[in-house]
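Colleague: I should be grateful for a close look at a single part of this model. Please choose one residue and then describe the surroundings into which it fits.

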Amino acid sequence: MSQPSAAPIVERMDAKHHYEILVDGKRAGLTAYRDRSVQRVFYHTVIDDAFAGKGLAAQLVQQALTDVRDSGKRIVPVCPYVAKYLKRHHGFDDITDAVTPDVLRWLQTELG
């Protein structure tokens, strides 16, 4: 009989510029960001295939966005998944900024 798995844990990994979601101690996915002044620009979210279909991306993004609010920053959803999440969940509308050509140019420079 297998042990029930623990609740997934979301951690901010500042040195790697991403939030990770861990399931039983294994990284199941991440959402990547770069900070631009008071904005946290999210540009990529991925869940490993082995963990797909469990609602982990939504849990990861929700906790990451809550952390952005707690940090006093603003959200810029370049990542299509984060943008889709924000369209369905309006609790972050007050701290969400539009994706602008300026932001996209800056992000391209940041990521090389």
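Modeller: Let us take Glu20, which is buried, with a relative accessible area of 7%. Residues count as buried under 20%, so the value of 7% places Glu20 in that class. Please bear in mind that this is a predicted model.

Glu20 belongs to strand β2. Its side chain is joined to that of His18 by a polar contact of 3.0 Å. If neighbours within four places in sequence are left aside, the residues in contact with Glu20 are Ile9, Val10, Glu11, Met13, Arg27, Gly29, Leu30 and Leu60.

Let us now place the strand in its sheet. The sheet is open and has five strands, in the order β1-β2-β3-β4-β5, with mixed pairing. Its edge strands are β1 and β5, each of which pairs on one side only. On average, neighbouring strands of this sheet are turned by 30° against each other, direction ignored. As a general point, the strands of a sheet pair through backbone hydrogen bonds, either parallel or antiparallel. Here β4 and β5 run parallel and are joined by four bridges. Between them, Gln39 stands opposite Arg74 in β5.

One contact of Glu20, Leu60, leads us to helix α1, where Leu60 is among the buried residues. Helix α1 covers residues 56-70, which makes 15 residues. From its first C-alpha to its last α1 reaches 21 Å, close to the 21 Å expected at 1.5 Å a residue. The buried residues of α1 are Leu56, Ala57, Leu60, Val61, Ala64, Leu65 and Val68. Seen down the axis of α1, these buried residues fall within an arc of 155°, so they line one face of the helix. The spacing follows a general rule: an α-helix has 3.6 residues a turn, so residues three or four places apart point the same way.

Against what does this buried set pack? The buried residues of α1 pack against β1 (9-13), β2 (18-23), β3 (26-36), β4 (39-47), β5 (74-77) and α2 (80-88). Just after α1, Gly72 takes a positive phi of about 75°.

Two further helices complete the picture. Helix α2 lies across β3, β4 and β5, and runs at about 115° to β5. Helix α3, residues 101-111, lies across β3, β4 and β5, running at about 115° to β3.

To return to the starting point, Glu20 is a buried residue in strand β2, and Leu60 is one of its contacts.

Conventions: Residues numbered from 1 in each chain as written. Predicted model: local features only at pLDDT ≥ 70, side-chain atom pairs only at ≥ 80, totals over all residues. Heavy atoms only, no water. Helix = DSSP H or I, 4+ residues; strand = E, 2+ residues; numbered from the N terminus. Expected span 1.5 Å × (residues − 1). Buried < 20%, exposed > 50% of the residue type's maximum accessible area, 1.4 Å probe, protein only. Arc of directions from axis to C-beta. Contact = heavy atoms within 4.5 Å. Polar contact = N/O pair within 3.5 Å; in protein donor to acceptor, adjacent residues only side chain to side chain. Pairing = 2+ DSSP bridges. Axes fitted to C-alpha atoms, helices over the stretch in contact; angles between N-to-C directions.
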